[in-house]
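Trainee: I have a model open and would like to learn how to read its helices. Could you walk me through some of them?

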Amino acid sequence: GGAAFDRGSEARMKLRNLYISPQDLRVEHCQLIDEGRDLGGLEREFERLEALSEEELLAHQDRCNALLDEAARLPRVVGYPYHEPSDLESIRAARPGTGEVFDADLDERDLFDRVHGAWLGRAAGCLLGKPVEGWLSARMWGFLQDLGKYPLGDYFRCDVDPGLAEKYEIRPERGFINLVDHMPEDDDTNYTVAGLLILKKHGADFRPHDVAGFWLENLPVLHTWTAERVAYRNFLNGVDPPASATCRNPYREWIGAQIRADFYGYAAQGNPELAAEMAWRDASVSHVKNGIYGSMWVAAMLAAAPFLRDTRHVIEAGLAQIPARCRLAEAIAEVIGWHGQGDNFEQAVGKIHRRWDETFPHHWCHTVSNAQVVALGLLWGGGDFEKSVCRAVQACFDTDCNGATVGSLAGMMLGAHNLPQKWTGPLNNRLETGLAGYNLVELDSLAAEGLEVSKRIRKMRQT
């Protein structure tokens, strides 16, 4: 009887993940302010419901849903300075330019080496950040300093002095390098493989509905998070894209779509516009505005990365595909400006932490804050793989996501043969995923499979 009760309690706790929580409301409240919405009389209703406990709020789900629906109709305040559309046509009209199309006729061995490098770099950067995901800066920096290993220059280990392990609440199951012999499952890499499988099945002209269908067939709902989980709930309730991104979705500008973008860049080498378009189709099922732009920015950067030597030029190739007057473009331009005026890494990290509150989930997991960290890793990494991923992770915020994105970009720029064995060796060329048929796969095989997809896309686009 006791075991059955425990299982029932656990099931009820998991079901709560599909209900609206006080955090959902706090995030929505802040998101509306970010978007320049005039809250008017809804301010008080948000404050009343946010003050309830999670248990109390379960009895007020109808009120929560009504509040979210009403909030979606709020007007924008006068003088809001940004222009942030979510449909592809309007995004393209708001770009600073179409951006350059590069010669995609690379030597096939070189192209494979770049894409293989991107897969390896993404896995290595993700593995670097995975054990410390969710750590605040005082905890991570204190741990490194107490170990005598600050600044960060290697994977995290958990076989440390027991006193330090207790002080910093070390949890061995988090993927510390001394306990793994491959890249363990992570949503950051699951979605990269998902992009490969979506393009294999549907080609470059896949639709947002194809992405939704793929999730329903291949991803358990509790393997998704925040905006993706809300979109999944909307699919099950018959809400199709693009409404699935906006219906009662407080997380619509969080980092989720950005971490799903990489394979679209791998598949569209030389064509940042196509990479960004495919990223838009994927992102639009769950995100809007800057949540979409982060995905387009990363995919476009990856498509341009094999052809550019300077990380600033790579960043700018991505910016060419998103609206010029959006919060994301403004924030990345700030980071470029800090680098240009000679700020050192610590000064730049300090500016990011003063702007964003790492203790508030909406700042910790937002696309814009983490895109600044990605730009920071690329610029202050200076084309060096180790410096790039370590600086992206040491800056904190969403460490595994940012390590993965920067590692992917650095790996694409450098190629697999130029990546240090120190970083690629522990992977043993293997990646674990939660996708059927790809439970434990070799990274070079994924690169070869992806290259075939890319060749088919180029051939179809030429005919």
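Mentor: Gladly, and keep in mind that this is a predicted model. Let's begin with helix 15, whose buried residues are Pro272, Leu274, Ala275, Ala276, Glu277, Met278, Ala279, Trp280, Arg281, Asp282 and Ala283.

Trainee: What does that say about how helix 15 sits in the structure?

Mentor: Since 11 of its 12 residues are buried, helix 15 is largely enclosed by the rest of the structure. Its cover includes helix 6 (88-93), helix 10 (187-202), helix 11 (208-218), helix 14 (262-267), helix 16 (289-304) and helix 25 (443-462).

Trainee: What span should helix 15 have, and how far apart are its end C-alpha atoms?

Mentor: At 1.5 Å a residue, the 12 residues (272-283) should span 16 Å, and the end C-alpha atoms are 16 Å apart, which agrees.

Trainee: Now a single residue: is His29 buried or exposed?

Mentor: His29, part of helix 2 (residues 22-34), has 8% relative accessibility and so counts as buried, the cut-off being under 20%. Beyond its neighbours within four places in sequence, His29 touches Leu39, Glu43, Phe46, Glu47 and Glu50.

Trainee: And how do I read a helix pair, say helix 22 and helix 23?

Mentor: Look at the angle between the axes: for helix 22 (residues 385-394) and helix 23 (residues 399-414) they cross at roughly 160° and come within 8 Å. Angles over 145 degrees count as roughly antiparallel, so that describes this pair. The crossing is right-handed. Helix 22 contributes Phe385, Ser388, Val389, Ala392 and Val393 to the contact, with residues including Gly403, Val406 and Leu414 from helix 23. By type, the contact has seven nonpolar, six polar and no charged residues.

Key: Residues are numbered from 1 along each chain as its sequence is written. This is a predicted model: local features need pLDDT of at least 70, side-chain atom pairs count only at pLDDT 80 or more; totals for chains, interfaces and linings use all residues. Side-chain values use heavy atoms; hydrogens and water are left out. Helices (H or I, at least four residues) and strands (E, at least two) are DSSP runs, numbered from the N terminus. The expected span of a helix is 1.5 Å times one less than its number of residues. Buried means under 20% relative accessible area, exposed over 50%, partly exposed in between (1.4 Å probe, protein chains only). Contact means heavy atoms within 4.5 Å. Axes are lines fitted to C-alpha atoms, for helices over the stretch in contact, and angles run from 0 to 180 degrees between N-to-C directions. Angles under 35 degrees count as roughly parallel, over 145 as roughly antiparallel, 65 to 115 as roughly perpendicular and the rest as oblique. A crossing is left-handed if the near helix is turned anticlockwise from the far one by less than a right angle, and right-handed if clockwise. Ala, Val, Leu, Ile, Met, Phe, Trp, Tyr, Cys and Pro count as nonpolar, Asp, Glu, Lys and Arg as charged, and the others, Gly among them, as polar.
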